[in-house]
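Open your viewer and get ready to make a few selections. This tour goes stop by stop, telling you what to pick next and what you will find there.

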Amino acid sequence: MNDTPRRYTLAILAHVLLIAAWYLFVEIGKVPKFVMPSPQATLGALFTGNYRWVDNILVTAVEIYGGYALAVVVGVAIALSFSWSRVWENAMMPLLVSLNMIPKVALGPLIIVWFSYGMFPNMLIAFSIGVFPIVLTTARGLREVEPELLDLVRTLRGSNWQIFTKIQLPGALPYIFSGMKVAAVLAVAGAIVGEFLGSEKGLGYLMLQVQVTLDTAAMFMAVILITLLGVLLYGLVLVLERLMVVQDARVN
């Protein structure tokens, strides 16, 4: 029996209960607005002040989705190169692990020095934080393909591209999407870290600006909008996974 409607109902109910608890906490506890605004005050921040919400949302969305798309393409390409050469994988995988251990907050200022301010450096930070899980899961998925099947195709003079598109990619898709779901969360964090470190536009930049005036409602609204951008990205990945991977083969 398909329990999808039940799952969605429970998810919506959990969000509604969270908003209700937020409202009750603020109203019953008489919490000052500069500490925690009410849900209605937070929503009202969209219509007050000169915060250019649409422009800032678009900037942050481009940074998140652009960095994420780059992470997917580069991550799958690196994992594919590993499947072609065990020596190459043994040499480069430890290097990737070491590079991934660099705190992105520490890497951000260097990226800004190299590429100045703007959307592109923030896309690179989102890319840098999201590419590693895609490499790991894709490499694992490509290794799961039966060696005998690969040997058979090579015996029949199949090219590396044909092996990848006809055998490796379909078999590795569940693992690729597993890494993509993790990277979707990390890409959001990477883009916002970039905006905190140095930016002139975006929701993260806006949060820093309204912090000075203690406009907590606008800060909450920015956080909610960032969350919605991440949820949208994650939802798109889930939709693609449902279209391209059969249910029994999905990696949860």
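The stops below follow one helix, a loop residue, a core, two helix pairs and a few single residues. Keep in mind that this is a predicted model.

**Stop 1: helix H1.** Select residues 4–28, which form helix H1. The 25 residues should span 36 Å at 1.5 Å a residue, and the end C-alpha atoms are indeed 36 Å apart, so the expected and modelled spans agree. Now colour Thr4, Trp22 and Val26, which are buried residues of H1. What lies over them? The cover includes helix H2 (39–44) and helix H10 (216–244).

Step just past the end of H1 to Lys30, in the loop between H1 and H2. Lys30 has a positive phi of about 50 degrees although it is not a glycine. Is its side buried or exposed? Lys30 is exposed, since its relative accessible area is 69%, and the cut-off for exposed is over 50%.

**Stop 2: Leu46.** Move on to the loop between H2 and H3, where Leu46 is found. With a relative accessible area of 28%, Leu46 is partly exposed. Add Ala218 to the selection: the two residues are 172 apart in sequence, yet their C-alpha atoms are 7.5 Å apart in space. Beyond its neighbours within four places in sequence, Leu46 is in contact with Trp53, Met221 and Leu225.

**Stop 3: the pair H3 and H10.** Show H3 (residues 53–84) together with H10. Their axes come within 11 Å and cross at roughly 40 degrees, and the crossing is right-handed. From H3, the contact is made by Trp53, Ile57, Thr60, Ala61, Ile64, Tyr65 and Tyr68. On the H10 side, the residues include Ala218, Met221 and Leu225.

While H3 is on screen, zoom in on Asn56, which is part of this helix. Asn56 counts as buried because its relative accessibility is 7%, and the cut-off for buried is under 20%. Its side chain reaches the backbone oxygen of Arg52 at 3.0 Å. Turn the view to find what else Asn56 touches: Tyr51, Lys201, Gly202, Leu203 and Leu206, not counting residues up to four places away in sequence.

**Stop 4: the largest nonpolar core.** Nonpolar side chains tend to be buried together in soluble globular proteins. Here the largest nonpolar core has 48 residues, and Trp53, Tyr68, Ile134 and Met180 have the most contacts inside it. H3, H4 (86–100), H6 (119–143), H8 (160–197), H9 (203–212) and H10 each supply at least two of its residues. Which helix gives the most? That is H8, with 12 residues.

Centre on Ile134 and display what surrounds it. Leaving out residues up to four places away in sequence, Ile134 touches Ala71, Val72, Gly75, Val76, Gly179, Met180 and Ala183.

**Stop 5: the pair H5 and H6.** Select H5 (residues 104–115) alongside H6; the axes come within 9 Å and cross at roughly 145 degrees. This crossing is right-handed too. Lys104, Leu107, Gly108, Ile111 and Phe115 of H5 make the contact with H6 residues, among them Phe120, Pro121 and Leu124.

**Last stop: Leu214.** Finish in the loop between H9 and H10, where you will find Leu214. Leu214 has a positive phi of about 55 degrees although it is not a glycine. At 54% relative accessibility, Leu214 counts as exposed.

Note on methods:
Residues are numbered from 1 along each chain as its sequence is written. This is a predicted model: local features need pLDDT of at least 70, side-chain atom pairs count only at pLDDT 80 or more; totals for chains, interfaces and linings use all residues. Side-chain values use heavy atoms; hydrogens and water are left out. Helices (H or I, at least four residues) and strands (E, at least two) are DSSP runs, numbered from the N terminus. Buried means under 20% relative accessible area, exposed over 50%, partly exposed in between (1.4 Å probe, protein chains only). A polar contact is a pair of N or O atoms within 3.5 Å; within protein, one must be able to donate a hydrogen and the other to accept it, and residues adjacent in sequence count only if both atoms are side-chain atoms. Contact means heavy atoms within 4.5 Å. The expected span of a helix is 1.5 Å times one less than its number of residues. A nonpolar core is a set of buried Ala, Val, Leu, Ile, Met, Phe, Trp, Tyr and Cys residues joined through side-chain atoms within 4.5 Å. Axes are lines fitted to C-alpha atoms, for helices over the stretch in contact, and angles run from 0 to 180 degrees between N-to-C directions. A crossing is left-handed if the near helix is turned anticlockwise from the far one by less than a right angle, and right-handed if clockwise.
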